[in-house]
Amino acid sequence: MDIGINASTDAVGSGSLSGNHSVSSRASLIFALGFGAALVVWHHFFVASPKNGDAKEPPVSRTLIPIFGHLLGFYRLGVSYMETLRRQTSWPAYTMKILNMKTYVVTSPGLSHAALRSRQMSLEPLSATVAARMLGLSKSANRHLGVDQNGKFIGSDALTERRLEFTRMLSTGSATLEEPSRVASSAVASSVNLVGTDWQSRDLFKWLRDVITMGTVAGLYGPKNPIALDPSLAEDIWIFDENQLRLSMWGVMRKWVAPAGVRAVNRISAAFETYVQEGRHQFASEAVKSTIASVLGRGIRPNDLARLEVFNISVATVNTVPTTVCMVYNILANPKLHAALRDEIKDVVSEVESDNSNKKMQIDISAATKTLPLLVACYQEALRIGSTPTCNRAVLKDTVLEDPESGVNIFMRAGGRVSIPTFMLHSRDQIWGGDATSFDPWRFMPGGAAADTKGRAREQGFVPYGGGVHLCPGRHLAKTEILASGVLMVMALDFRAERDGDHIEAPAYEGSTGAKKPIARTVRIRRREGWEDVEWSVKI
Ligand code: HEM
């Protein structure tokens with residue numbers, strides 16, 4: 001284009017330039033067509049062909065658009081794109097090829113468990129390289145994570161050490177789990193106790209999001225945490241989450257491709273850097289205190305530590321929030337269920353102490369599995385359909401795994417990735433006894449399709465917290481906080497739809513690139529009638 005304009009305006013050499021231009025543009029056209037045809041043939045035979053290198057390797061999923069087809073699919077449909085590809089094959093897994101990277105997407109329950117438990121696969125190389133690309137860490141911090149100057153994982157025990165420490169500190173029965181669980185539940189109770197006696201309109205998702213985020217962060221990072229000082233940072237956690245894919249894919253170009261994501265990382269990490277420099281982490285949970293001490297002990301600068309905390313804080317909130325929102329919304333949308341829960345929970349409510357102005361009531365969730373089976377079933381059902389984490393693994397060595405359902409052996413090549421989108425297992429009618437997309441807690445009650453006769457949740461195909469050595473270390477804390485939120489919302493508050501005469505509807509979701517986020521809806525909320533003067537707390 002530029003050559004053409006220059007040629008016609010160049011009085012001296014316009015003719016020859018012009019002539020050269022038409023010959024060169026024909027040559028360019030022929031070259032472009034030849035190159036395009038070669039690309040399509042290469043894509044067809046080497047990328048889009050359903051045949052893979054090894055006969056036992058899962059078939060390659062096809063896309064109509066060469067090279068960028070899968071990326072466009074993700075941009076358009078988010079993680080649900082993986083479900084559309086699943087329909088191309090009856091294998092328990094398929095291969096998604098993007099350039100030379102192979103991702104094995106596992107779609108059957110048995111193969112998922114086998115992959116999650118396999119010692120030939122690990123999450124760490126992926127966490128380390130993705131963190132390095134997304135967070136703008138210094139070279140020395142990348143080295144700490146085991147990432148070399150080319151962005152390649154060369155190994156480090158830093159993430160293993162953190163995982164083991166976190167898992168130990170947040171395991172059931174440990175005093176170090178009790179403290180953050182108590183603080184998180186009290187923070188939710190405090191938010192509920194602030195609700196007034198007159199009806200007020202609230203965006204239910206945003207309100208619950210902020211209540212849960214404040215609770216989780218207070219539980220982990222203590223009362224002087226950055227979000228307690230600047231609540232607007234809660235929004236940044238979600239902006240970061242929505243931009244994760246773009247941040248991780250574009251490395252140094254992320255400033256241009258995901259400016260909002262970069263701003264969110266900078267804002268959150270700046271606040272965490274000040275938090276560490278001012279020593280406010282001395283009031284944090286033991287789990288956070290010990291991991292911060294070990295990172296600083298390895299010579300990592302506070303600025304890099306703060307950037308790593310962006311990742312950690314996101315992991316701790318972006319699944320807890322959608323699970324709670326899903327549970328509360330669906331309870332409110334079903335008046336029969338709501339009434340049944342009020343009836344169940346009333347037996348664990350007791351008056352603790354009263355002064356002249358306030359009654360103090362406590363809800364005991366310490367033995368919830370026994371005393372609150374319907375609420376626990378609501379929690380399980382919300383885990384099933386309310387959050388959509390994807391478990392990822394790097395294949396460390398050539399591996400063959402058996403799919404127990406079909407008896408087929410599946411080969412996965414070293415250097416590839418494994419992706420287990422939990423929503424694909426959690427939303428299949430044949431696994432969940434029909435109508436898998438609806439919220440039906442009775443599935444998890446004794447004898448239901450998702451439980452045994454004693455009400456123990458089925459394990460096959462139910463992997464909300466992943467599995468194997470990477471099984472979510474925060475699951476016990478999350479469970480307590482979600483149950484505490486549930487009992488408080490049900491017992492302490494009344495809810496109504498925004499318009500008189502309407503019912504509160506079950507949440508509807510937009511195709512989101514990040515964690516599951518329902519379409520915004522406003523509801524009215526006030527203190528429960530007849531219980532206006534009560535100050536609530538939760539016994540965990
Ligand atoms: C309902 C809430 C939650 C859900 C559904 C959830 C789910 C998950 C899943 C699926 C994984 C990946 C496991 C795998 O790949 O096998 C994971 C990992 C992780 N989660 Fe959670 N999580 C929740 C809450 C939390 C909380 C509250 C914390 C923090 C206290 C937390 C901290 C972590 C960490 C640190 C990892 C990485 C583990 C590793 O590197 O091995 N999660 N979570």
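Relative accessible area, taken with a 1.4 Å probe on protein chains only, sorts residues into buried (under 20%), exposed (over 50%) and partly exposed in between. The model is predicted, so local features need pLDDT of at least 70 and side-chain atom pairs count only at pLDDT 80 or more, while totals for chains, interfaces and linings use all residues. Residues are numbered from 1 along each chain as its sequence is written, and side-chain values use heavy atoms, with hydrogens and water left out.

**Exercise 1.** Find which protein donor the iron atom of the ligand has, and state whether C472 is buried, exposed or partly exposed.

*Solution.* Donors are N, O and S atoms within 2.8 Å of the metal (3.2 Å for Na, K and Ca), and sites may look incomplete because water is not among the atoms. The only protein donor of the iron atom is C472, through SG at 2.3 Å. C472 lies in the loop between α23 (429–432) and α24, where helices are DSSP runs of H or I with at least four residues, numbered from the N terminus. With a relative accessible area of 24%, C472 is partly exposed.

**Exercise 2.** Determine how many disulfides the model has, and explain why C391 forms no such bond with C472.

*Solution.* A disulfide is a pair of cysteine sulfur atoms within 2.5 Å, and by this rule the count is zero. For C391 the closest cysteine sulfur is that of C472, but the distance of 9.7 Å is too far for a bond. C391 itself counts as buried, at 12% relative accessibility.

Terms used:
Helix = DSSP H or I, 4+ residues; strand = E, 2+ residues; numbered from the N terminus.
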